[in-house]
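Visitor: Please take me through a close look at the loop you have picked out here, and then follow the chain outwards from there. I'd like to see the numbers and the cut-offs behind each term.

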Amino acid sequence: MKRDFIIAAVVLTVVVNSFGEELADLQRNVDDFSTKLSASLPFNASMGLNWSDAYIGKFLGVPPHFGVGVSGGVTTLNSAAFNDLLDDFGLSLPIGQMLLPAYVVEGRLGGFFLPFDVGVKFGALPQVDFGERLKIDYLLAGVDVRFAVMEGGVVLPKISVGVGFNFLKSALAAPLGNGVSFNVGGKTLALTQPEAAFSWETKSIDVKAQISKSLAIITPYAGLGASYAWSNAGYSVESRLQYDGSEVSDDDVVEIKNKLADAGVPDLDRLSANGFSSIIGSEGWAFRAFAGFSLNVFIVKFDLTGMYNFMDSNYGATLGVRLQI
């Protein structure tokens, strides 16, 4: 799992030890980063619980219907906005496109009396340290309820509509070498032995519709989903700061924030002698399509799902295996 995250996540590479970007440009880039990432975060958070059967049946029956398994995959993200933000810190992506990985342990329980089922998912990778170059923090959780519009049969397919809630939180941290500096209206904000962390979080309400039909050992399926998400994305820097050659004072904080306001860019959330940060929020709709099939070997099902994000033309894929009765 650690190797998968190193490959699929963003591996940051230090390309310079000193940089002279404008702090105002950094704030513009984090605003752009947050806006564009908000279109992709609910897409990534929707991974998991995309089971081939649009409806698994009632729990109160013979046999009772339920299942448990694990799934994982990646979604893509246009990396231009992230690259601009990394450039401000003298960092770069080793690949042309950013990949957002996800994995979950998941379960689904058939309904009682009425034709519905309930699913839950959870995946975490808390504060994993890959040596001195990269630290990753990751959490994905969600729940959904699907109602059978058509329960299916020998000829008819299964059709369901559902509603759910997803929560995703992740961060990447990396050292920036010996030092980085930013120009603030002709003065220099210098960072000594800094470490930067890039983080994102989303909460989304999700609705979806799905159709499936079991054909011997194969169950093809397809569906559409829509999410309304509240997202935050940005960065933080931990370092001893100097402003124009001296440790940052309260007056310096006021001056820097005034210069950012004059430049018409988002303000810093935190600024002190120990570092600074900026997290910017956004919200809105995201729409996706998904389709795939499962191979059914007795009660074991192997799922392959492809996904497409209509909001930014990105895509994703997941693989899963589960025991389902």
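Guide: Let's begin at Asp-244, which sits in the loop between strand S11 (218-243) and strand S12 (246-247). Its phi is near 60°, a positive value in a residue other than glycine. Helix and strand names here follow DSSP runs numbered from the N terminus, with helices (H or I) of at least four residues and strands (E) of at least two.

A word on the model before we go on. It is a predicted one: local features need pLDDT of at least 70 and side-chain atom pairs count only at pLDDT 80 or more, while totals for chains, interfaces and linings use all residues. Residues are numbered from 1 along each chain as its sequence is written, and side-chain values use heavy atoms, leaving out hydrogens and water.

Phe-298 offers a companion to Asp-244. Although Phe-298 is not a glycine, its phi is positive, about 60°, and its place is the loop between S14 and strand S15 (300-309). With a relative accessible area of 82%, Phe-298 is exposed; the scale calls a residue buried under 20% relative accessible area, exposed over 50% and partly exposed in between, using a 1.4 Å probe and protein chains only.

Further along from our starting loop comes Asp-250, in helix H4 (residues 250-262). Asp-250 is exposed as well, at 66% relative accessible area. In sequence Asp-250 and Ser-272 are 22 residues apart, and their C-alpha atoms are 7.9 Å apart in space.

For the wider setting, the protein chain has four helices and 16 strands. Of its 325 residues, 49% are buried. Contact here means heavy atoms within 4.5 Å, and among contacts between residues at least 6 apart in sequence, 72% join residues at least 24 apart.

Asn-50 gives you a case to look at. Asn-50 lies in the loop between H2 and strand S3 (66-77) and counts as buried, at 6% relative accessibility. Leaving aside neighbours within four places in sequence, its contacts are Lys-208, Tyr-221, Phe-290, Asp-303, Thr-305 and Met-307. The C-alpha atoms of Asn-50 and Leu-304 are separated by 9.3 Å, with their positions 254 residues apart along the chain. That loop between H2 and S3 also holds Pro-63, which a cis peptide bond joins to Val-62, with omega about 0°.

Now for the charged pairs. Side chains of opposite charge can pair when their charged atoms come close. The rule used here takes a salt bridge to be a side-chain nitrogen of Lys or Arg within 4 Å of a carboxyl oxygen of Asp or Glu, and it gives 16 salt bridges. One of them links Arg-288 and Asp-206, at 2.7 Å from N to O. Arg-288 belongs to strand S14 (residues 275-297) and Asp-206 to strand S10 (residues 187-212), so this pair ties together parts that are 82 residues apart in sequence. Both Arg-288 and Asp-206 are buried. Elsewhere, salt bridges that share partners join Arg-108, Asp-117, Asp-144, Arg-146 and Lys-208 into one network. Lys-203 meets Glu-201 in a salt bridge of 2.8 Å, N to O, and Lys-203 is partly exposed at 34%.

Another pair takes us into helix H2 (residues 23-45), where Asp-32 and Lys-36 are four residues apart, about one turn of the helix. They form a salt bridge, with the closest N and O atoms 3.6 Å apart. Asp-32 is partly exposed at 27% relative accessibility, and Lys-36 is partly exposed at 42%.

Those two residues also take part in a helix packing. The axes of H2 and helix H3 (residues 80-88) come within 8 Å and cross at roughly 150°; axes are lines fitted to C-alpha atoms, for helices over the stretch in contact, and angles run from 0 to 180 degrees between N-to-C directions. H2 and H3 are therefore roughly antiparallel, given that angles under 35 degrees count as roughly parallel, over 145 as roughly antiparallel, 65 to 115 as roughly perpendicular and the rest as oblique. On the H2 side the contact residues include Asp-32, Phe-33 and Lys-36, and on the H3 side they include Phe-82, Asp-84 and Leu-85.
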